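Here is a short tour for anyone meeting this structure for the first time. Take a look at the picture, then read on.

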Amino acid sequence: MESLIKFVESEFVAKKEFPKFSAGDTITVYYEIKEGEKTRTQFFKGVVIQRRGSGSTETFTIRKMSGTVGVERIFPVNMPALQKIEINKKGKVRRARIFYFRGLTGKKARIKEVRS
């Protein structure tokens, strides 16, 4: 049964090519929003907290600070509205899911940048 599901996913789900990113990276996601009959592009820039799932069900969570309030958004990788993803900074973290980042404020909330 699982092989049948994987076959259908690989054949019929359109794969988009995005750059490789992981937890700790700062990225900008551009996605399309429909308001009535009009469509516009909006972006969401923040730190990747986690990547989860595999194949067509893969998602990633981004966190940004909007004033003093933390805002998190979950994006499916295969969302048709996703237009592009830009990597702004590569971060160096030692975990795949950095939920501890939610509790940090000020200078403690900085992530070291990987120079390449």
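Is Phe44 buried or exposed? At 6% relative accessibility Phe44 counts as buried, because the cut-off for that label is under 20%. Keep in mind that this is a predicted model.

## The overall layout

Let's step back to the whole chain. The protein chain has one helix and five strands, and reading along the sequence gives the pattern α-β-β-β-β-β. Its C-alpha trace spans about 50 × 40 × 25 Å along the principal axes. Of the 116 residues in the protein chain, 28% are buried.

## The helix and its nonpolar patch

Helix H1 covers residues 2–12, and Ile5 is found there. Ile5 also belongs to a nonpolar surface patch of about 690 Å², together with Met1, Leu4, Phe7, Val8 and Phe12.

So how does Ile5 itself score for accessibility? Ile5 comes out at 45% relative accessibility, so it counts as partly exposed.

## The nonpolar core

Now for the inside. In soluble globular proteins, nonpolar side chains tend to be buried together. Here the largest nonpolar core has 15 residues, and Ile27, Val29, Tyr31, Phe60 and Phe75 are the ones that touch the most other members. At least two residues of this core come from each of E1, E2, strand E3 (59–66) and strand E5 (82–89). E1 gives the largest share, with four residues.

One of those well-connected members, Phe75, has 0% relative accessibility and therefore counts as buried.

## Aromatic rings in pairs

A pair of aromatic rings is described by the distance of the centres and the angle of the planes. In this model, the count of aromatic pairs comes to five. One of them is formed by Tyr30 and Phe43, a tilted pair with 5.9 Å centre to centre and 45° between the planes. Tyr30 sits in strand E1 (residues 26–35) and Phe43 in strand E2 (residues 38–52), so to speak two distant parts of the chain, 13 residues apart, linked by the pair. Phe43 has 51% relative accessibility, so it counts as exposed.

Phe44 and Phe75 form another aromatic pair, and this one is edge-to-face: 6.0 Å centre to centre, with 65° between the planes. Because Phe44 lies in strand E2 and Phe75 in strand E4 (residues 69–76), the pair ties together parts that are 31 residues apart in sequence. Both partners count as buried, Phe44 at 6% relative accessibility and Phe75 at 0%. Ring pairs also link Phe44 and Phe75 with Phe21, Tyr31 and Phe60 into a cluster.

## Arginines over rings

Two rings of that cluster, Phe21 and Tyr31, have an arginine over the face. Which residue lies over the face of Phe21? That is Arg51, at 4.3 Å from the ring centre. Over the face of Tyr31 lies Arg73, at 4.6 Å from the ring centre.

## Salt bridges

Time for the charged side chains. The count of salt bridges comes to six. Arg51, already met over the ring of Phe21, forms one of them with Glu58, and their closest N and O atoms are 2.6 Å apart. What about cover for these two partners? Arg51 has a relative accessible area of 28%, so it is partly exposed, whereas Glu58, with 16%, is buried.

Glu35 and Arg40 form a salt bridge too, with the closest N and O atoms 3.1 Å apart. Glu35 is partly exposed at 45% relative accessibility, and Arg40 is partly exposed as well, with a relative accessible area of 36%. The side chains of Lys84 and Glu86 also meet in a salt bridge, at 3.3 Å from N to O. Lys84 is partly exposed, with a relative accessible area of 41%, and Glu86 counts as partly exposed at 31% relative accessibility. Finally, Arg63, Glu72 and Arg102 are joined into one network by salt bridges that share partners.

Note on methods:
Residues are numbered from 1 along each chain as its sequence is written. This is a predicted model: local features need pLDDT of at least 70, side-chain atom pairs count only at pLDDT 80 or more; totals for chains, interfaces and linings use all residues. Side-chain values use heavy atoms; hydrogens and water are left out. Patches are made of residues with over 30% relative accessible area and no salt bridge: like charges are joined within 9 Å, nonpolar side chains (Val, Leu, Ile, Met, Phe, Trp, Tyr) within 5 Å. Accessible areas come from the Shrake-Rupley method with a 1.4 Å probe; for residues, only the protein chains shown count as cover. A salt bridge is a side-chain nitrogen of Lys or Arg within 4 Å of a carboxyl oxygen of Asp or Glu. Buried means under 20% relative accessible area, exposed over 50%, partly exposed in between (1.4 Å probe, protein chains only). Rings of Phe, Tyr and Trp (its six-membered ring) pair if their centres lie within 6.5 Å; planes under 30 degrees apart count as stacked, over 60 as edge-to-face and the rest as tilted. A charge sits over a ring if NZ of Lys or CZ of Arg is within 6 Å of the ring centre and within 35 degrees of the ring normal. A nonpolar core is a set of buried Ala, Val, Leu, Ile, Met, Phe, Trp, Tyr and Cys residues joined through side-chain atoms within 4.5 Å.
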